[in-house]
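I opened this notebook to keep a record of what I looked up in one structure, going from the overall layout to single contacts.

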Amino acid sequence: MILIGPPVLTEEERYKMVCSVKWVDEVVEGAPYVTQLQTMDDYKAQFCVHGDDITLDADGKDTYHIVKDAGRYKGMSWCCRFFPGGQACFLFFGMDCLGN
């Protein structure tokens, strides 16, 4: 397993960066590391988008297993070609912009 180093930006700087993206309506600070359906429902997010890299929790389980099992996950393999390491490519979408 290849581990990446510590983040270059602080958590606050990352929130500000994501807020500056024109397609982002809201950033949920302090969201759980393992994506929960309740969090998505609370913020009216129809689906979760992430790159094709795998992120694991402390037990080695896929952090998106809950939303994948619920059919609310969209993998975006192109994303990680632009952001090697994949950390910059995780977004929630509240509207169906992928045509489903």
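The entries below follow the order in which I checked things.

**Entry 1, layout.** I note at the outset that this is a predicted model. I looked up the secondary structure and found four helices and three strands, which follow one another from the N terminus in the order α-α-β-α-β-α-β. I then checked burial over the whole protein, and of its 100 residues 28% are buried.

**Entry 2, strand β1.** I went to β1 (47-50) and asked which of its residues are buried on each face. On one side I found F47 and V49, and on the other C48 and H50, and all of these are buried, so that both faces of the strand are covered. For F47 in particular I read a relative accessible area of 4%. I then looked for the partner of β1 and found β2 (residues 73-75), which runs parallel to β1 and is joined to it by three bridges. Within this pairing, C48 stands opposite Y73. I also took the C-alpha distance from F47 to Y73, which is 5.6 Å, although the two residues are 26 apart in sequence.

**Entry 3, rings and the lysines over them.** I searched the whole structure for aromatic pairs and obtained one. It consists of Y64 and Y73, whose ring centres are 5.5 Å apart and whose planes make an angle of 50 degrees, so I recorded the pair as tilted. Y64 and Y73 are both buried. I next asked which residue lies over the face of Y73, and the entry I wrote down is K68, at 4.8 Å from the ring centre. The ring of F47 has a lysine over its face as well, namely K74, at 5.5 Å from the ring centre.

**Entry 4, salt bridges.** I looked up the salt bridges and found three in the structure.

- K68, already noted over the ring of Y73, forms a salt bridge with D62, with 2.5 Å between the closest N and O atoms; K68 counts as partly exposed, at 37% relative accessibility.
- R72 and D41 meet through their side chains in a salt bridge of 2.8 Å, N to O. Because R72 lies in the loop between α3 (65-69) and β2 while D41 lies in helix α2, this pair ties together parts that are 31 residues apart in sequence. I checked the accessibility of both partners, and R72 counts as buried at 18%, whereas D41 counts as partly exposed at 42%.
- K16 forms a salt bridge with E12, the closest N and O atoms being 3.3 Å apart. The two residues are four apart in helix α1, and so about one helical turn separates them. K16 is exposed, at 54% relative accessible area, and E12 is exposed too, at 53%.

**Entry 5, a nonpolar surface patch.** I looked for nonpolar side chains on the surface and noted a patch of about 300 Å², made by V8, L9 and M17. Of these residues I followed up M17, which is found in helix α1 (residues 11-19) and is partly exposed, with a relative accessible area of 41%.

**Entry 6, a backbone angle.** Finally I asked which residue has a positive phi although it is not a glycine, and I recorded K44, with a phi of about 55 degrees. K44 is placed in the loop between α2 (37-42) and β1, and at 68% relative accessibility it counts as exposed.

Methods:
Residues numbered from 1 in each chain as written. Predicted model: local features only at pLDDT ≥ 70, side-chain atom pairs only at ≥ 80, totals over all residues. Heavy atoms only, no water. Buried < 20%, exposed > 50% of the residue type's maximum accessible area, 1.4 Å probe, protein only. Pairing = 2+ DSSP bridges. Phe/Tyr/Trp six-rings, centres within 6.5 Å; stacked < 30°, edge-to-face > 60°. Lys NZ or Arg CZ within 6 Å of the ring centre and 35° of its normal. Patch = residues over 30% accessible without salt bridge, like charges linked within 9 Å, V, L, I, M, F, W, Y side chains within 5 Å. Areas by Shrake-Rupley, 256 points an atom, 1.4 Å probe, with all protein chains shown as cover.
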